[in-house]
Amino acid sequence: MADVIALARQLGHAIQEEETYKTIMQAKAEADADETLQQLITEFNIKRVAINAEACKSDRDDEVLRKLNEEMRTAYSDIMSNEHMKAYNDAKQAFDKVVRRVQAIVQQSADGEDPDTTDFSEDCTHDCSTCGGCG
C-alpha cells in the first residue's frame, strides 16, 4: 500500500507541475490581487446576505427583495465580466479537464480497465448503460 500512496504523492507533484495548474494559480493570484474584483465580490456577498435577511422576515418587503435581487444580478454580471475573473474561469475550465481525465484514468484502472489505454471521454454521461466505452 505504501508504494501506491507514494505514487499518489508523485502524481500530486506532477499535477502541480502541469501547465494548466500553473496557469490557474497565476490567474487566482491576479484575481485575488485585483482590488476592484475583490470589492465587487464583497458587494455581491453583502447583497446575498441582505436578500437572505429580508426573505426571512415575517413582514418581508417584496419590492426590497426585487431591488436587492436586481442589484445582486448586476454585481454578479460585473464580477463575471472582470478580466481577471474571466482569465480565472478559463484557467479553471482547462485545469478541471485535466483533473477529470486523471480521475477517470485512476477510477477506471481501479475498476479493472487497462491503465495504458483507459481514458476520459468528454462525451461520457456517467450512465454506463448508455456507454459504448470510454476513450
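**Helices 5, 3, 1 and 2 in a predicted model**

Let me begin with one polar contact: a polar atom in the side chain of Q108 lies 3.4 Å from the backbone oxygen of D119, where a polar contact is a pair of N or O atoms within 3.5 Å, and, within protein, one atom must be able to donate a hydrogen and the other to accept it, while residues adjacent in sequence count only if both atoms are side-chain atoms. Before going on, I should say that this is a predicted model, in which local features need pLDDT of at least 70 and side-chain atom pairs count only at pLDDT 80 or more, whereas totals for chains, interfaces and linings use all residues. Residues are numbered from 1 along each chain as its sequence is written, and side-chain values use heavy atoms, with hydrogens and water left out.

Q108 belongs to helix 5, helices being DSSP runs of H or I with at least four residues, numbered from the N terminus. Q108 counts as buried because its relative accessibility is 15%; buried means under 20% relative accessible area, exposed over 50%, and partly exposed in between, with a 1.4 Å probe and protein chains only.

Alongside Q108, the buried residues of helix 5 are M85, A91, F95 and A104, and this buried set packs against helix 1, helix 2, helix 3 and helix 4, contact meaning heavy atoms within 4.5 Å. At the N-terminal end, helix 5 is capped by N82, which places a side-chain oxygen 2.7 Å from the backbone nitrogen of H84, and just after the helix G112 takes a positive phi of about 100 degrees.

Turning to helix 3, the buried residues there are L37, L40, F44, I51 and E54. They lie on the same side of helix 3, because they cover an arc of only 115 degrees around the axis, the arc being that of the directions from the helix axis to the C-beta atoms. Helix 2, helix 4 and helix 5 are among what covers them, while the face turned away from the buried side carries the exposed residues E35, I46, V49 and C56. D34 caps the N-terminal end of helix 3, with a side-chain oxygen 3.0 Å from the backbone nitrogen of T36.

Finally, where do helix 1 and helix 2 meet? I15, Q16 and E17 in helix 1 meet E19, Y21 and K22 in helix 2.

Conventions
Helices (H or I, at least four residues) and strands (E, at least two) are DSSP runs, numbered from the N terminus.
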